[in-house]
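Look at the sequence and the model side by side. This report walks through the contacts that join one part of the chain to another.

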Amino acid sequence: MSETDLPDVTVRGVDVPALGLGTWRLAGEDCRRAVSTALELGYRHLDTAQAYGNEREVGDAIAASDVDREDLFVTTKLVNGNRAYDDVLRSTEESLAKLGTSYVDCLLIHNHFQRVPTEETLRAMDELVDAGKVRYLGVSNFDVDRLHTAREAADHELLTDQVQFNPYWDQSSLLDYCEIHDLVLTAYSPLGHGGVLDDPVLAEVGERHGKSPAQVAIRWCLQHPNVAVIPKATSREHLAANRDTFDFELSDAEMERIRRPSKVRALSGAVRSRLPI
């Protein structure tokens, strides 16, 4: 596989690069460098958010690259304070200016915790699609019921629900819903906030395939239907390793063995990821 032919997840005729770069908690020069390196390595899916405070750095890296804008799939998300109709329109214009682009490929509602009705937010988002400033709409951190309600409220069909998805975090109901209704499940934290790195089962499976536990976890996500993954990484080594997850396949038995829903494991990884080194 060359560095520019990473596979897509295709729903309703829309191609979404199956592997992307998540930029949560990336800032300043670290963010610019990570995005630039990812683009050099063939990544074409970039994920940011108003809440991350790094849209400008992501935009700087895009502008400095030799990748054509139309070859990229760029996602950003509305911070909760920008959920009201006028705030959606204003803040999206600000996001576009920071990203240095006339449109984003996907605009998401970041989560459901907000007093503003989802219907009001989606009304403004629909207008942005009609104006050509957003190509597709989606949500993040919505369960099945909230996703269904959002789909019913939007004039334009939603493309994705971005949620935590890894061997420890059970999203089977949401995954089934996305497959039935032809949506992409975009998986953030596919490494369980680093919890998979010392997982003995993933290490054993990885040894069999000549892969690391992290690569096995990403591959496990990718082998589910309708799933794209957006792991965060900063070093060239890790970006390249995350990319090298399309040249092997897990057996059905391995897929089932790796899947061990456990919020204790998932949350312990999250806690460790926040501890000072």
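What follows covers salt bridges, the nonpolar core, an aromatic pair, the cysteines, one helix and two backbone angles.

This is a predicted model: local features need pLDDT of at least 70, side-chain atom pairs count only at pLDDT 80 or more, and totals for chains, interfaces and linings use all residues. Residues are numbered from 1 along each chain as its sequence is written, and side-chain values use heavy atoms, with hydrogens and water left out.

**Salt bridges**

Side chains of opposite charge can pair when their charged atoms come close. A salt bridge here is a side-chain nitrogen of Lys or Arg within 4 Å of a carboxyl oxygen of Asp or Glu. The structure holds 19 of them. Three are listed below.

| Salt bridge | Closest N to O |
|---|---|
| Asp 105 and Arg 69 | 2.9 Å |
| Arg 151 and Glu 157 | 3.0 Å |
| Arg 257 and Glu 204 | 3.0 Å |

Start with Asp 105, which forms a salt bridge with Arg 69. This pair links distant parts of the chain, 36 residues apart. Asp 105 sits in strand β6 (residues 104-109), and Arg 69 in the loop between α2 (55-64) and β5 (73-78). Helices (H or I, at least four residues) and strands (E, at least two) are DSSP runs, numbered from the N terminus. Are Asp 105 and Arg 69 buried or exposed? Both are buried. Buried means under 20% relative accessible area, exposed means over 50%, and partly exposed lies in between (1.4 Å probe, protein chains only).

Now take Arg 257, whose side chain meets that of Glu 204 in a salt bridge. Arg 257 lies in helix α10 (residues 252-258) and Glu 204 in helix α7 (residues 200-209), so the pair ties together parts that are 53 residues apart in sequence. Arg 257 is partly exposed, with a relative accessible area of 36%. Glu 204 is also partly exposed, at 36%. A network of salt bridges links Glu 204, Arg 208, Glu 254 and Arg 257.

**Around Arg 151**

Arg 151 belongs to helix α5 (residues 144-153). Its relative accessible area is 15%, so Arg 151 is buried. Its salt-bridge partner, Glu 157, is partly exposed at 38%. Which residues does Arg 151 contact, leaving aside neighbours within four places in sequence? They are Glu 157, Leu 158, Tyr 177, His 181 and Leu 183. Contact means heavy atoms within 4.5 Å.

**The nonpolar core**

In soluble globular proteins, nonpolar side chains tend to be buried together. A nonpolar core is a set of buried Ala, Val, Leu, Ile, Met, Phe, Trp, Tyr and Cys residues joined through side-chain atoms within 4.5 Å. The largest one in this model has 80 residues. Leu 147, Leu 158 and Leu 185 have the most contacts inside it. Helix α8 (residues 213-222) gives the most to this core, with seven residues. Beyond four places in sequence, Leu 185 touches residues including Val 163, Phe 165, Leu 174, Cys 178 and Val 227.

**One aromatic pair**

Rings of Phe, Tyr and Trp (its six-membered ring) pair if their centres lie within 6.5 Å; planes under 30 degrees apart count as stacked, over 60 as edge-to-face and the rest as tilted. The count comes to one pair. Phe 165 and Trp 220 are stacked, 5.4 Å centre to centre, with 25 degrees between the planes. Phe 165 lies in the loop between β8 (158-164) and α6 (172-181) and Trp 220 in helix α8, so the pair ties together parts that are 55 residues apart in sequence. Both residues are buried.

**Cysteines**

How many disulfides does a search of the whole structure find? It finds zero. A disulfide is a pair of cysteine sulfur atoms within 2.5 Å. Why is Cys 106 not bonded to Cys 178? Their sulfurs are 12 Å apart, too far for a bond, and Cys 178 holds the closest cysteine sulfur to Cys 106. For Cys 221, the closest cysteine sulfur is also in Cys 178, 14 Å away and too far for a bond. Cys 106 is buried, with a relative accessible area of 0%. Cys 221 is buried too, at 0%.

**Helix α2 and two backbone angles**

In α2, the buried residues include Glu 55, Val 58 and Ile 62. Among the elements that cover its buried residues are α1 (28-40), β4 (45-47), β5 and α3 (85-99).

Most residues other than glycine have a negative phi. Arg 12 has a positive phi, near 50 degrees. Arg 12 is in the loop between β1 (8-11) and β2 (14-17). His 193 also has a positive phi, near 55 degrees. His 193 is in the loop between β9 (184-188) and α7.
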